[in-house]
2 protein chains.
Amino acid sequence: MLEYRRMTLAKPAFPAPDHDHGRCTADALAHAEEVCEQRAQKFTPIRRQVLAALLSSHRPLGAYEVIDELAKSMPRPAPITVYRALDFLMANGLVHRIESRNAYLACAAHDHDATSAVAFLICERCGLVGEIPSASFAKDLNAAARSSGFAPKLSVVEITGVCAHCQKAA
Amino acid sequence: MLEYRRMTLAKPAFPAPDHDHGRCTADALAHAEEVCEQRAQKFTPIRRQVLAALLSSHRPLGAYEVIDELAKSMPRPAPITVYRALDFLMANGLVHRIESRNAYLACAAHDHDATSAVAFLICERCGLVGEIPSASFAKDLNAAARSSGFAPKLSVVEITGVCAHCQKAA
DNA sequence: TGAATATAATAAGCAAGCTTACGATTATTC
DNA sequence: GAATAATCGTAAGCTTGCTTATTATATTCA
Ligand SMILES: [Zn+2]
Ligand SMILES: [Zn+2]
Ligand SMILES: [Zn+2]
Ligand SMILES: [Zn+2]
């Protein structure tokens with residue numbers, strides 16, 4: 001029961017419109033610090049700022065949108081600066097790349113391991129993106145792949161649709 | 001048994017290195033003609049040529065690669081020309097877009113209905129791409145999505161890994 | 001045949017994503 | 001404290017993906 005609560009709390013499938021986003025952001029930044037310390041990686045100001053920019057919403061941002069976001073609070077960074085930070089954050093499992101959008105999303109589920117597959121739920125109305133743990137389907141997916149002798153490594157699973165909140169609003 | 005043969009022939013999960021690709025291409029073009037006729041759509045020369053370019057390999061090609069391919073046998077087409085053809089071919093289920101590559105792939109499984117989800121197996125060694133029918137996993141995937149109230153519409157499932165042939169070659 | 005529609009060619013351009021090159025700055029390490 | 005490595009800033013540029021606008025060519029059909 002405790003385990004169940006912990007899991008459902010730790011892995012919200014989709015960001016609820018009324019969640020405490022300040023807390024949500026603070027937690028993510030704290031988590032990032034922790035991860036970097038554990039791995040002896042440097043969570044430098046620019047890396048923090050890029051992550052913070054992504055955390056400002058639960059929407060994936062293109063690299064140039066990140067630049068625009070940062071430009072609000074500092075001298076406009078060059079693309080390379082942002083790409084370097086994004087590479088770092090992705091390498092450490094703090095940011096996901098949404099392939100179908102060429103965009104980047106701050107990881108909101110700090111408990112899946114960095115290498116494991118994640119599926120994304122992308123709402124076509126509000127643009128918010130949720131993560132669902134791969135456990136529930138990766139097995140079947142990988143089995144289907146392996147049935148033809150294919151050795152799966154990395155899975156991109158991105159589901160577009162309408163989130164619960166936007167359905168009600170319609 | 002007959003049904004089984006038909007299905008495995010019609011839905012090869014991954015293009016075998018020794019398959020009769022000439023036949024494979026001819027079949028696909030014939031199928032395209034058929035589909036267009038049934039739908040009263042025009043399978044014009046440029047559309048045919050773009051499809052043929054994509055069929056030249058089982059690799060996804062970017063729009064500019066398609067242009068390069070066409071340039072070999074005709075005056076270099078403008079981007080817009082190719083994009084129009086690609087849009088047409090996608091709308092009629094003859095071509096898939098591989099989101100994680102910003103590239104286009106000729107559909108090699110002429111029997112899945114145009115709207116249903118498909119998963120792709122992308123070999124990171126040889127670059128070939130196979131399709132697997134969604135049936136085997138779409139159910140679980142959609143169920144996982146719906147469990148959080150999300151109404152899934154379109155799924156992008158792209159699995160990178162190593163194909164059977166490249167595993168042997170290694 | 002002539003109007004309406006669909007398709008294609010021509011020309012130009014924009015925006016996004018990403019990279020290369022190089023010098024400056026900061027940490028680490030010996 | 002000098003050498004090394006990691007990080008960052010600056011400047012420039014490349015490629016790809018895709019669009020807009022306009023004119024021309026077929027097709028369809030009344
Ligand atoms: Zn939040
Ligand atoms: Zn929504
Ligand atoms: Zn083939
Ligand atoms: Zn291969």
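**Notes on a predicted protein–DNA model with zinc sites**

1. Let's start with one residue: Val82(B) sits in helix 5 of chain B. Keep in mind as you read that this is a predicted model. Is Val82(B) buried or exposed? Its relative accessibility is 1%, so Val82(B) counts as buried, the limit being under 20%.

2. Which residues surround this valine? Setting aside neighbours within four places in sequence, Val82(B) is in contact with Ala63(B), Val66(B), Ile67(B), Leu70(B) and Pro77(B). You can also try a distance in your viewer: the C-alpha atoms of Val82(B) and Ser56(B) are 16 Å apart, and the two residues are separated by 26 residues along the chain.

3. Now turn to DNA strand D. Which of the 16 residues around DNA strand D come nearest? They are Thr44(A) and Arg84(A) from one chain, and Tyr64(B), Tyr83(B) and Tyr104(B) from the other. Of the atoms of DNA strand D that come within 4 Å of the protein, 45% belong to sugar and phosphate.

4. Where does this surface come from? In chain A, helix 3 (45-55) and helix 5 (79-91) each supply at least two residues of the surface near DNA strand D, and in chain B helix 4 (63-71) and helix 5 (79-91) each do so too. Sorted by class, the surface has nine nonpolar, four polar and three charged residues.

5. Three side chains are worth picking out here. Tyr64(B) places a polar side-chain atom 2.9 Å from a base nitrogen of DNA strand D. Tyr83(B) has a polar side-chain atom 3.5 Å from a phosphate oxygen of DNA strand D. For Arg47(A), an N or O atom of the side chain is 3.5 Å from a phosphate oxygen of that strand.

6. Next, the zinc ion (ligand 3). Which atoms coordinate the zinc ion (ligand 3)? The donors are NE2 of His19(B), ND1 of His21(B), SG of Cys24(B) and NE2 of His58(B), at 1.9 to 2.4 Å. Angles of 104 to 118° between these four donor atoms make the arrangement tetrahedral. Because Cys24(B) belongs to helix 2 (residues 21-38) of chain B while His58(B) is in the loop between helix 3 (45-55) and helix 4, the pair ties together parts that are 34 residues apart in sequence.

7. His58(B) deserves a closer look. At 11% relative accessibility, His58(B) counts as buried, and Cys24(B) is buried as well. The side chains of His58(B) and His19(B) make a polar contact at 3.2 Å. Not counting residues up to four places away in sequence, His58(B) touches several others, including Pro15(B), Leu105(B), Ala108(B) and Val129(B).

8. Finally, the zinc ion (ligand 4). Cys123(B), Cys126(B), Cys163(B) and Cys166(B) coordinate this ion through their SG atoms, at 2.2 to 2.4 Å. The site is tetrahedral, with angles of 103 to 118° among its four donor atoms. Along the chain, the donors follow the spacing C-x2-C-x36-C-x2-C. Cys126(B) lies in the loop between strand 3 (118-123) and strand 4 (129-133) of chain B, and Cys163(B) in the loop between strand 5 (151-162) and helix 7 (164-169), so the pair ties together parts that are 37 residues apart in sequence.

9. How exposed are these two cysteines? Cys126(B) is partly exposed, with a relative accessible area of 22%, whereas Cys163(B), at 2% relative accessibility, counts as buried.

Key. Residues are numbered from 1 along each chain as its sequence is written. Chains are lettered from A and ligands numbered from 1 in the order in which they are written. This is a predicted model: local features need pLDDT of at least 70, side-chain atom pairs count only at pLDDT 80 or more; totals for chains, interfaces and linings use all residues. Side-chain values use heavy atoms; hydrogens and water are left out. A residue is near a molecule or strand if one of its heavy atoms lies within 4 Å of it. A polar contact is a pair of N or O atoms within 3.5 Å; within protein, one must be able to donate a hydrogen and the other to accept it, and residues adjacent in sequence count only if both atoms are side-chain atoms. Helices (H or I, at least four residues) and strands (E, at least two) are DSSP runs, numbered from the N terminus. Ala, Val, Leu, Ile, Met, Phe, Trp, Tyr, Cys and Pro count as nonpolar, Asp, Glu, Lys and Arg as charged, and the others, Gly among them, as polar. Donors are N, O and S atoms within 2.8 Å of the metal (3.2 Å for Na, K and Ca); water is not among the atoms, so sites may look incomplete. Four donors count as tetrahedral if all angles lie between 85 and 135 degrees; four count as square planar and six as octahedral if opposite donors are over 155 degrees apart and all others between 65 and 115; anything else is irregular. Buried means under 20% relative accessible area, exposed over 50%, partly exposed in between (1.4 Å probe, protein chains only). Contact means heavy atoms within 4.5 Å.
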